[in-house]
Amino acid sequence: MAFESNPGTNKLANVLTSRMKKEKESPLILDFGEIQTDGSLITNTFPVPIPRGSYSVLRQLTLGNIGSTLTETSISDTHNHTVLLPEEMRSIVPGDRVLVAWVQNEAVVIDIVVNS
C-alpha cells in the first residue's frame, strides 16, 4: 500500500521529512567573542558570560605573556640562544576579540582577531 492511498500516513511522512530537513540544516559554527575582565567569554550569538574554565582555548593561546621565554638553546657554555614570545603568539587577555568555534555545545577559542 502506497503512502498516497492513506492521507494520515502521507501527512505524517511529510511532517517527519520537514522536521528532518530542519535538523539537517547546519547551525552557526564560527562566531566572534570577547574575553571579559574576569576571564569569561561573551560571544555574539550567546551574549551570556561563559566562565573561565567552561570554554576551551587552543594551546597556542596559552604560551605566555609578551617577552616570556619561548625557548632556550645552548650550543656551548658560552653560546646560548633565547627566543622570546612575540606579540603575535601571546596568551589571550581581557579585551581581546576572538574567533570562536562551536563544537556541539562547547565554545572553543581559536585565535585572537586583530584589525587589518
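**Exercise 1. The nonpolar core**

Task: Which residues form the largest nonpolar core of this predicted model, and which strands each supply at least two of them?

Solution. Start with the membership: the largest nonpolar core has 12 residues. They are Ile 35, Leu 41, Ile 50, Tyr 55, Leu 61, Ile 92, Val 98, Val 100, Trp 102, Ala 107, Val 109 and Ile 112. Next, turn to the strands: at least two residues of this core come from β6, and at least two from β7 (106-112).

Now pick one member and look around it. Setting aside neighbours within four places in sequence, Val 109 touches Leu 41, Tyr 55, Leu 61, Val 98 and Val 100, among others. Its contacts also include Ser 56, Val 57, Leu 58 and Leu 99.

**Exercise 2. The aromatic pair**

Task: How many aromatic pairs does the model have, and what is the geometry of the rings of Phe 46 and Trp 102?

Solution. The count comes to 1 aromatic pair. For its geometry, take the distance first: the ring centres of Phe 46 and Trp 102 are 6.2 Å apart. Then take the angle: the planes stand at 75°, and over 60 degrees counts as edge-to-face, so this pair is edge-to-face.

Where do the partners sit? Phe 46 belongs to the loop between β2 (41-43) and β3 (56-57), while Trp 102 is in strand β6 (residues 97-103), so the pair ties together parts that are 56 residues apart in sequence.

Finally, compare their surroundings. Trp 102 has a relative accessible area of 18% and is buried, whereas Phe 46, at 40%, is partly exposed.

**Exercise 3. Strand β1 and its partners**

Task: Which strands pair with β1, and in what sense?

Solution. On one side, β1 pairs with β6 in the antiparallel sense over 5 bridges; Asp 31 has Val 100 in β6 as its bridge partner. β1 also pairs with β2, again in the antiparallel sense, over 3 bridges, and here Glu 34 stands opposite Ile 42. The link from β1 to β2 is a hairpin with 5 residues between the strands. In that turn, Gly 39 has a positive phi of about 90°.

Now split β1 (residues 30-35) by face. Asp 31, Gly 33 and Ile 35 make up the covered face, and Leu 30, Phe 32 and Glu 34 the uncovered one. One more feature involves Phe 32: Arg 97 lies over the face of its ring, 4.3 Å from the ring centre.

**Exercise 4. The whole sheet**

Task: What is the strand order of the open sheet, and which strands are at its edges?

Solution. The open sheet has 5 strands in the order β2-β1-β6-β7-β3, with mixed pairing. β2 and β3 each pair on one side only, which makes them the edge strands. For the chain overall, the tally is 1 helix and 7 strands, following the pattern α-β-β-β-β-β-β-β along the sequence.

**Exercise 5. Confidence**

Task: Which element has the lowest mean pLDDT, and which the highest?

Solution. Begin with the chain: its mean pLDDT is 81, and 79% of its residues reach 70 or more. Among the elements, strand β4 (residues 69-76) has the lowest mean, 67, and β2 the highest, 96. A reading tip follows: where pLDDT is low, predicted coordinates should not be read in detail.

Notes
Residues numbered from 1 in each chain as written. Predicted model: local features only at pLDDT ≥ 70, side-chain atom pairs only at ≥ 80, totals over all residues. Heavy atoms only, no water. Phe/Tyr/Trp six-rings, centres within 6.5 Å; stacked < 30°, edge-to-face > 60°. Helix = DSSP H or I, 4+ residues; strand = E, 2+ residues; numbered from the N terminus. Buried < 20%, exposed > 50% of the residue type's maximum accessible area, 1.4 Å probe, protein only. Lys NZ or Arg CZ within 6 Å of the ring centre and 35° of its normal. pLDDT = per-residue confidence, 0-100. Core = buried A, V, L, I, M, F, W, Y, C linked by side-chain atoms within 4.5 Å. Contact = heavy atoms within 4.5 Å. Pairing = 2+ DSSP bridges.
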